2 protein chains.
Amino acid sequence: MLNGRVILYTGNGKGKTTAALGLVFRALGHGLRVCVIQFIKGKGEYGERLFAGGLDSLEWHVCGQGFVFKKEENEADRRVAREGFRLAREKIESDLFDLVILDEITYLPHYGFLDVDEIVDLLHQRPPRLHMILTGRNAHRSLIDVADTVTEMDAVKHAYEKGVKAQKGIEF
Amino acid sequence: MLNGRVILYTGNGKGKTTAALGLVFRALGHGLRVCVIQFIKGKGEYGERLFAGGLDSLEWHVCGQGFVFKKEENEADRRVAREGFRLAREKIESDLFDLVILDEITYLPHYGFLDVDEIVDLLHQRPPRLHMILTGRNAHRSLIDVADTVTEMDAVKHAYEKGVKAQKGIEF
């Protein structure tokens, strides 16, 4: 029987990756084993990665190079995205985890780096008890269909709009 | 100069408390000191509380008794809510924290336990560098106005609707 949950956080508002991190926090409290794969965010001193480094039951992979997409020169991005997806498949099929997070994976089909059906198939083929969280803007209809829980984060108001600088511990 | 951020997560979708937890995770990674005050959620084996118990720079307080509000018999709820708010004020004024989370505080004005201006005043009077996160449905317009960043979580689709049981490490 399939007990694992597929959760999708999408929309243009803040809090998608952050909500996924919150579930990591919750899951670790119950002793679950967690794997996070970040597809897009660049390398950097993100608080969550610093914190994750000290935790045994959490694996953290960063594939992306930051938001550098351009239509003309995206071959490197495509390669990184596809390598990340291969890593995701490997981690999911390993059956070593209770929760796997594919952070900002929605951009892969959105930018044409991956057919959305490859993601849908991977979700269907995963170990039945495995919980999965997908995040990112512009989620493809097929991802919404396959997810059990979908939340759309809407930006009602954003500090950046007011010209406020990104704050350590809040935005990164 | 006021550097602290006020972030509000509201709406009917999943991920409000969870996004706040994600910012805890991020903030702890940068060595920030965090205080969480939960106004509504009842006592219980929430993964986040189990995890929080092992962390030095995180204080966690649970004031609420679960969702037991009834119009006829809410004196006990009102007392608990007001005690929680007094605790929040004390923690904020102590200046011992970099981030204070008032989880589900929006319900206090919504249920008439507290005038929303008391919350707005507290936000204005806080130490200038203190980041604050407020969560909960039905956020009062004054809270939206005072916040720097407001995200509305919309439930596009929810597993509960499909009759799926709450899962350890996901919903609690």
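What follows is a chat between a biologist and a modeller about a predicted model of two chains, A and B.

Biologist: Let's start with the interface. How do you know how much area is buried between chain A and chain B?

Modeller: The size of an interface is often given as the accessible area lost when the parts come together. For chain A and chain B that comes to about 4,700 Å², with carbon and sulfur atoms giving 60% of it. Phe25(A), Arg26(A) and Ile170(A) supply 18% of what chain A buries against chain B, more than any other three residues. In contact terms, 59 residues of chain A meet 59 residues of chain B.

Biologist: What makes the pair Arg26(B) and Glu48(A) a salt bridge?

Modeller: The cut-off is a side-chain nitrogen of Lys or Arg within 4 Å of a carboxyl oxygen of Asp or Glu. In Arg26(B) and Glu48(A) the closest N and O atoms are 2.7 Å apart, so the pair satisfies the 4 Å rule. The rule finds four salt bridges across this interface, and there are also 24 residue pairs in polar contact.

Biologist: Which parts of chain A supply the side that touches chain B?

Modeller: Strand 1 (6-10), helix 1 (16-29), helix 2 (47-52), strand 3 (58-62), helix 6 (141-146) and strand 6 (149-157) each supply at least two residues. Helix 1 of chain A gives the most, with twelve residues. By class, that side of chain A has 30 nonpolar, 15 polar and 14 charged residues.

Biologist: Why does the salt bridge between Glu171(A) and Arg5(B) count as one that joins two chains?

Modeller: Glu171(A) sits in the segment after strand 6 of chain A, while Arg5(B) is in the segment before strand 1 (6-10) of chain B, so the pair joins two chains. The N to O distance is 2.5 Å, so the 4 Å limit is met.

Biologist: Are Glu171(A) and Arg5(B) buried or exposed?

Modeller: Both Glu171(A) and Arg5(B) are buried, so each has under 20% relative accessible area.

Biologist: And what makes strand 6 of chain A and strand 6 of chain B a pair?

Modeller: Two strands pair if there are at least two bridges between them. Here seven bridges join strand 6 of chain A to strand 6 (residues 149-157) of chain B, so they count as paired, and they run antiparallel. Among the residues facing each other, Asp154(A) stands opposite Glu152(B), and Thr151(A) stands opposite Ala155(B).

Biologist: Does strand 6 of chain B have a partner within its own chain, and which strand is it?

Modeller: Strand 1 of chain B pairs with strand 6 of chain B in the parallel sense, over four bridges. In that pairing, Ile7(B) has Thr149(B) as its bridge partner.

Biologist: Now the pairs inside one chain. What makes Arg89(A) and Glu93(A) a salt bridge, and where do they lie?

Modeller: Their side chains meet at 3.9 Å, N to O, so they come in under the 4 Å limit. Arg89(A) and Glu93(A) are four residues apart in helix 3 (residues 75-94) of chain A, so about one helical turn separates them.

Biologist: Why is Arg89(A) called partly exposed?

Modeller: Its relative accessible area is 25%. Buried means under 20% and exposed over 50%, so Arg89(A) falls in between. Arg78(B) gets the label on the strength of 26%. Arg78(B) forms a salt bridge with Glu75(B) at 3.2 Å, and both lie in helix 3 (residues 75-94) of chain B, three residues apart.

Biologist: Which residues of chain A form a network of salt bridges?

Modeller: Arg33(A), Asp95(A), Asp98(A) and Arg129(A) are linked in one. Over all chains, the structure holds 20 salt bridges.

Biologist: Last one: why is strand 2 of chain B described as mostly covered?

Modeller: Five of the five residues of strand 2 (residues 34-38) are buried, so each is under the 20% cut-off. In a regular strand the side chains alternate between the two faces of the sheet. Val34(B), Val36(B) and Gln38(B) point one way, Cys35(B) and Ile37(B) the other way, and all are buried. Strand 2 of chain B also pairs in the parallel sense with strand 3 (residues 58-62) over five bridges and with strand 4 (residues 99-103) over five bridges. Val36(B) has Trp60(B) as its bridge partner in strand 3, and Cys35(B) stands opposite Val100(B) in strand 4.

Conventions:
Residues are numbered from 1 along each chain as its sequence is written. Chains are lettered from A and ligands numbered from 1 in the order in which they are written. This is a predicted model: local features need pLDDT of at least 70, side-chain atom pairs count only at pLDDT 80 or more; totals for chains, interfaces and linings use all residues. Side-chain values use heavy atoms; hydrogens and water are left out. Contact means heavy atoms within 4.5 Å. Buried area is the accessible area (1.4 Å probe) that two parts lose on being put together, summed over both. A polar contact is a pair of N or O atoms within 3.5 Å; within protein, one must be able to donate a hydrogen and the other to accept it, and residues adjacent in sequence count only if both atoms are side-chain atoms. Ala, Val, Leu, Ile, Met, Phe, Trp, Tyr, Cys and Pro count as nonpolar, Asp, Glu, Lys and Arg as charged, and the others, Gly among them, as polar. Buried means under 20% relative accessible area, exposed over 50%, partly exposed in between (1.4 Å probe, protein chains only).
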